Amino acid sequence: MTIQPLSSAAALSDTASNISGAILVYLYNTNASAVVVTVKSGSTTVGTFYSAPQQPLIIKKASADTLEVATGDADKVYATKSGFTN
């Protein structure tokens, strides 16, 4: 996997973040188990997905959409704004 990092990695928390307005986001879960990530548009949940342990993942979202994890999973999943991937 090749990514084009456009920001520094930031830990997701229970506070919504649009990851610097990213459309493509590289995620990495450092935890030993899967973590549920929530995508929101404003206060409306667009969807949720599991981030597998220690597996990189690229997600596509609207630039204003935010990502967050449950309070107990804060600082386990890191997100980086990314450009084109292959």
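Are Lys40 and Glu68 buried or exposed? Keep that one in mind, everyone, and we'll come back to it in a few minutes. One thing to say at the start: what you see above is a predicted model.

Let's begin with the whole chain. There are seven strands and zero helices here, so if you read from the N terminus on, you just hear β-β-β-β-β-β-β. How compact is the protein chain? Its radius of gyration is 12 Å, close to the 12 Å that the globule rule gives for 86 residues, so the chain is as compact as a globular protein of that length. Along the principal axes, the C-alpha trace spans about 30 × 30 × 20 Å. Of the 86 residues, 30% count as buried. The accessible surface comes to about 4,700 Å², and carbon and sulfur atoms account for 52% of that.

Here is a number I like. Take the contacts between residues at least 6 apart in sequence: 77% of them join residues at least 24 apart.

Now, the strands. Which of them form an open sheet? Four do, in the order β1-β7-β2-β5, with antiparallel pairing. At the edges sit β1, residues 10-11, and β5, residues 56-60, and each of these pairs on one side only. Further in, β2 and β7 run antiparallel and are joined by six bridges. If you want to find that pairing on the screen, look for Tyr28, whose bridge partner in β7 is Tyr78.

There is another pairing to look at. Four bridges join β3 to β6, and these two strands also run antiparallel. Here you can look for Val39, which has Leu67 in β6 as its bridge partner.

Please remember Leu67, as it takes us to the nonpolar core. The largest core has 13 residues, and Leu67 is among the five that touch the most other members, along with Leu12, Ile19, Val25 and Leu27. Strands β2 (24-29), β3 (35-41), β6 (66-69) and β7 (77-82) each supply at least two residues of this core. The strand that gives the most is β3, with three residues.

What does Leu67 touch, leaving aside its neighbours within four places in sequence? The contacts include Leu12, Ile19, Val25 and Leu27, and also polar residues, among them Thr15, Ser17 and Lys61.

Let's stay on β6 a moment longer. Leu67 and Val69 point one way from the strand, Thr66 and Glu68 point the other way, and all four are buried.

That brings us back to the opening question. Lys40 and Glu68 are both buried. They also form a salt bridge, with the closest N and O atoms 3.6 Å apart. This pair links distant parts of the chain, since Lys40 belongs to strand β3 and Glu68 to strand β6, 28 residues apart.

How many salt bridges does the structure hold? There are two. The other one joins Lys76 to Asp73, and there the closest N and O atoms are 3.4 Å apart. Asp73 has 18% relative accessibility, so it counts as buried. Lys76, at 22%, counts as partly exposed. The cut-off for buried is under 20% relative accessible area, which is why these two residues get separate labels.

So, if you turn the model yourself, try starting at Leu67 in the core, then step along to Glu68 and find its salt bridge with Lys40. Thanks for listening!

How values were computed: Residues are numbered from 1 along each chain as its sequence is written. This is a predicted model: local features need pLDDT of at least 70, side-chain atom pairs count only at pLDDT 80 or more; totals for chains, interfaces and linings use all residues. Side-chain values use heavy atoms; hydrogens and water are left out. A nonpolar core is a set of buried Ala, Val, Leu, Ile, Met, Phe, Trp, Tyr and Cys residues joined through side-chain atoms within 4.5 Å. Buried means under 20% relative accessible area, exposed over 50%, partly exposed in between (1.4 Å probe, protein chains only). Contact means heavy atoms within 4.5 Å. Two strands pair if DSSP finds at least two bridges between them. The radius of gyration is taken over C-alpha atoms; the globule rule is 2.2 Å times the number of residues to the power 0.38. Accessible areas come from the Shrake-Rupley method with a 1.4 Å probe; for residues, only the protein chains shown count as cover. A salt bridge is a side-chain nitrogen of Lys or Arg within 4 Å of a carboxyl oxygen of Asp or Glu.
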